[in-house]
Amino acid sequence: MSHNHNSHINNTWIKMAAEGEYESILCVKPDVNVYRIPPRASNRAYRAADWKLDAPDWTGRMRITAKGKVAFIKLEDKISGELFAQAPVKEYPGVAVETVSDSSRYFVLRIQDDNGRSAFIGVGFGDRGDAFDFNVALQDHFKWVKQELELSKNAHLGDSGPKLDLGFKEGQTITLNIGQGKRRDKPRPQGSGGFGLLPPPPGGKIAPPPSTGLSNHNIVPQTGGTATGCLLELDNSNSNTVVQSNPSSDLWGDFSAPASSVPAAPRPQNATNWIQF
């Protein structure tokens, strides 16, 4: 039994492959009941209570497949897989599949044969979960069909619409300003020697140049410009250099420490008396 069923599936797949179309399976339900239903007398909805629910006319398997955009509800024999009837569905909800007004487990299908003749039959599921799966399988398929149609339409409009020309016309040029910002750097103060110096503190005074009577301090002669002289003036103003007002105190200069390492202490006014003593 299993071998015959597999052979039928393989033969069906080979036939579809030869035709160049692939048929996918959306849903399979092993137990479904089929009923003959009376003709619809008016436009009112179908009612499952009008059917002979306790005596189904046929029992078998339902398989929902899709080939392209069309879904097929196939009623097959449980054992042999022989096709009993099928209902092509091109839209859902639609005339091919209708619900009944008094139950969620029963539906009305419009089946068709190879010659195009159609008839309406009733189908029912013993479990509400099977009826729910049947409904969702059809809804998902036609939701996908709708999305495919929208994508195809958008792609067609994109190809046929006007194209944006971003190329340069003949003789057309473009100007680029690179590295020209609006920010301006403030000029730095510079001396004539090219060295950038900070301005003196407010209220500060630069000491005048030392006199020729300085001792114990190496004075560099001013050979540079204004900036070099300014540096020497700042250095002289910060060094502890003692200006000797009495020439007779030169005798103590031989024993004093270098002015650059030890600051000289201020001498009292009566230094001359000590020298004479």
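**Exercise 1. Read the order of helices and strands along the chain.**

Solution. The pattern is α-β-β-β-β-β-β-β-α-α-α. That gives four helices and seven strands. Helices (H or I, at least four residues) and strands (E, at least two) are DSSP runs, numbered from the N terminus. The model is predicted: local features need pLDDT of at least 70, side-chain atom pairs count only at pLDDT 80 or more, and totals for chains, interfaces and linings use all residues. Residues are numbered from 1 along each chain as its sequence is written, and side-chain values use heavy atoms, with hydrogens and water left out.

**Exercise 2. State what share of the chain is buried, and what its exposed surface is made of.**

Solution. Start with burial. Of the 277 residues, 21% are buried (under 20% relative accessible area, 1.4 Å probe, protein chains only). Now take the surface. The chain exposes about 21000 Å² (Shrake-Rupley method, 1.4 Å probe). Carbon and sulfur atoms supply 54% of that area.

**Exercise 3. Find the largest nonpolar core and the elements that build it.**

Solution. First, the term: a nonpolar core is a set of buried Ala, Val, Leu, Ile, Met, Phe, Trp, Tyr and Cys residues joined through side-chain atoms within 4.5 Å. The largest one has 27 residues. Met62, Ile73, Val97, Val123 and Phe134 have the most contacts inside it. Next, the suppliers. At least two residues each come from β1 (24–36), β2 (58–67), β3 (70–76), β4 (83–89), β6 (106–112), β7 (118–124) and α2 (128–160). The largest share, six residues, belongs to α2.

Now follow one residue. Leaving out residues up to four places away in sequence, Phe134 touches Met62, Ile64, Ile73, Val97, Phe107, Leu109 and Phe125. Contact means heavy atoms within 4.5 Å.

**Exercise 4. Explain why β3 is largely enclosed by the rest of the structure.**

Solution. Count its buried residues. Six of the seven residues of β3 are buried, so the strand is largely enclosed.

**Exercise 5. Trace the pairing of β3 with β2 and with β4.**

Solution. Two strands pair if DSSP finds at least two bridges between them.

- Step 1: β2 and β3 run antiparallel, joined by seven bridges. Arg61 stands opposite Glu76 in β3.
- Step 2: the β2 and β3 hairpin has two residues between the strands. Gly68 takes a positive phi there, near 70 degrees.
- Step 3: β3 and β4 are also antiparallel, over six bridges. Lys74 has Gln86 in β4 as its bridge partner.
- Step 4: the β3 and β4 hairpin has six residues between the strands. In this hairpin, Gly81 has a positive phi near 80 degrees.

Key:
Buried means under 20% relative accessible area, exposed over 50%, partly exposed in between (1.4 Å probe, protein chains only).
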